[in-house]
Amino acid sequence: MIKSRNSSIVNMANQSDAVSPTNQGDPDSTLQSGRNVTITIQDGDSRISVRPSGEKQAEEIRLLGISLSGLPRTGQFLVCVGGVFFFYLMYGYVLELIFRLDGFKPFGWYLTLVQFAFYSVFAGGELQLKTDKTRRIPLRTYCGLAFLTVATMGLSNSAVGYLNYPTQVIFKCCKLIPVMIGGVLIQGKRYGMVEVTACLCMTVGLIFFTLADVEVQPNFDSHGVVLISLALVADAVIGNVQEKTMKAHSASNTEVVLYSYSVGFVYILAGLVMSGELMEPIRFCAQYPVYTYGLTAVLSATGYVGINFVLTLVKSFGALLAVTVTTCRKAVTIVLSFIFFTKPFTMQYVWSALLVTTGILLSTYSKNKVKMDAWIQKYTVIQLFTRQRRSSGKTEFV
């Protein structure tokens, strides 16, 4: 703390930063203070919601059953960030590696079927470790949730067979676009200048990133753009539906994952059987069982463990920091994709990705304006008084 006659102003700035987790916004919902609300976080193709309490309470931080309470606060944060980066970078690498297998590209839906099976097994095992195993959400509701989950993940996986993986990641960063379009057309919402500017930045960035693909990719297929766009719309819808459902029934994350993915598995299996597209991928994967099923097991495990790190980050450090970390992770994923997997490159990728990043930052700011303005005010006030006291040679530290 800097000792000065105006220290009360500095203290006020510090108090403005003392905001509980429920006052911090996230990409899917604006959080209201003092109420039990739902934070929805998506990374990769996994989506889980967590319901923090209205008051920030000191509680033991456990990650995959391991207590982090013995670590200092900074250490806990670094463990969570390290886990998010490691497991989701692994997820992206393995997913792209699977589709590098010659002949696998048409089998995105079968990959999703196997992933749903693994997620169901993981969630079922985790549920057995819990005391309360009661299902709270009606099966009829899970039928709708499962359909949206299938659309989001299946279409996204299928798109990787037609698009550069970085292009798929860029598209998935831009969920704000269908959310805003739906808000205007369906609910008649009106958005502020910051949100409109964010949407425009994302739209222009997406267009030029895709045009770069068209220019440098000899086998570019517009079918992939259609698939990832539909996945983006489904992803925008599922956030609101899942939030409302979990809030209404007070269901646990594990329950939602178990039943959504189990019912979704049945949907995909039925679809593949009726379309006659089940046996061909089975025969293909039987030729490379270690490569296909082995890598899919790794893909599913990294996605499932990764979301646990994200949830711990949200509950312990707030949604704003979690969104910042996951956005940085996606940027690193794109860079590593170009490093590890040889593909044509143009500088148009760089500046169009920067436009999308600008849109993400503006969107994050619009949903966290009060808190971020408080941070800026705090930093500005502290720097101002530090410079004033140093210039007079009277700075004192305690």
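Colleague: Before we go further into this predicted model, what makes Cys174 count as buried?

Modeller: The relative accessible area of Cys174 is 0%, and since buried means under 20%, Cys174 is therefore called buried.

Colleague: And why is Cys173 called buried?

Modeller: Cys173 has a relative accessibility of 15%, which is again set against the limit of under 20%, so Cys173 counts as buried.

Colleague: How do you know that Cys173 is in no disulfide?

Modeller: A disulfide needs a pair of cysteine sulfur atoms within 2.5 Å, whereas the nearest cysteine sulfur to that of Cys173 belongs to Cys174 and is 6.1 Å away. Cys174 is likewise in no disulfide, its nearest cysteine sulfur being that of Cys173, and by this rule the count for the model comes to zero disulfides.

Colleague: Turning to the helices, why are helix 2 and helix 4 called oblique to each other?

Modeller: The axes of helix 2 (residues 73-99) and helix 4 (residues 139-160) come within 9 Å and cross at roughly 60°. Angles under 35 degrees count as roughly parallel and those from 65 to 115 as roughly perpendicular, and the crossing of helix 2 with helix 4 is therefore oblique. At this contact Tyr91, Leu95 and Phe99 in helix 2 meet Met153, Asn157 and Val160 in helix 4, and these residues divide into five nonpolar, one polar and no charged.

Colleague: What makes Gln76, in helix 2, buried or exposed?

Modeller: Gln76 has a relative accessible area of 8%, and with the limit for buried at under 20%, Gln76 is therefore buried. Leaving aside neighbours within four places in sequence, Gln76 is in contact with Ile61, Leu68, Ser69, Leu71 and Phe317.

Colleague: Which residues touch the most other members of the largest nonpolar core?

Modeller: That core has 78 residues, of which Leu95, Phe104, Tyr110 and Leu313 touch the most other members. Not counting residues up to four places away in sequence, Phe104 touches several residues, including Ile98, Phe99 and Phe284. A second, separate core of six residues includes Ile137, Tyr142, Leu145 and Val256.

Colleague: Finally, why is Leu355 called partly exposed?

Modeller: Leu355, which lies in helix 13 (residues 347-367), has a relative accessibility of 24%, and because buried means under 20% and exposed over 50%, Leu355 counts as partly exposed. Leaving aside neighbours within four places in sequence, Leu355 is in contact with Cys201, Met202, Val204 and Gly205, and the C-alpha atoms of Leu355 and Phe209, 146 residues apart along the chain, are separated by 9.7 Å.

Terms used: Residues numbered from 1 in each chain as written. Predicted model: local features only at pLDDT ≥ 70, side-chain atom pairs only at ≥ 80, totals over all residues. Heavy atoms only, no water. Axes fitted to C-alpha atoms, helices over the stretch in contact; angles between N-to-C directions. Helix = DSSP H or I, 4+ residues; strand = E, 2+ residues; numbered from the N terminus. Parallel < 35°, antiparallel > 145°, perpendicular 65-115°, else oblique. Contact = heavy atoms within 4.5 Å. Nonpolar A, V, L, I, M, F, W, Y, C, P; charged D, E, K, R; others polar. Core = buried A, V, L, I, M, F, W, Y, C linked by side-chain atoms within 4.5 Å. Buried < 20%, exposed > 50% of the residue type's maximum accessible area, 1.4 Å probe, protein only.
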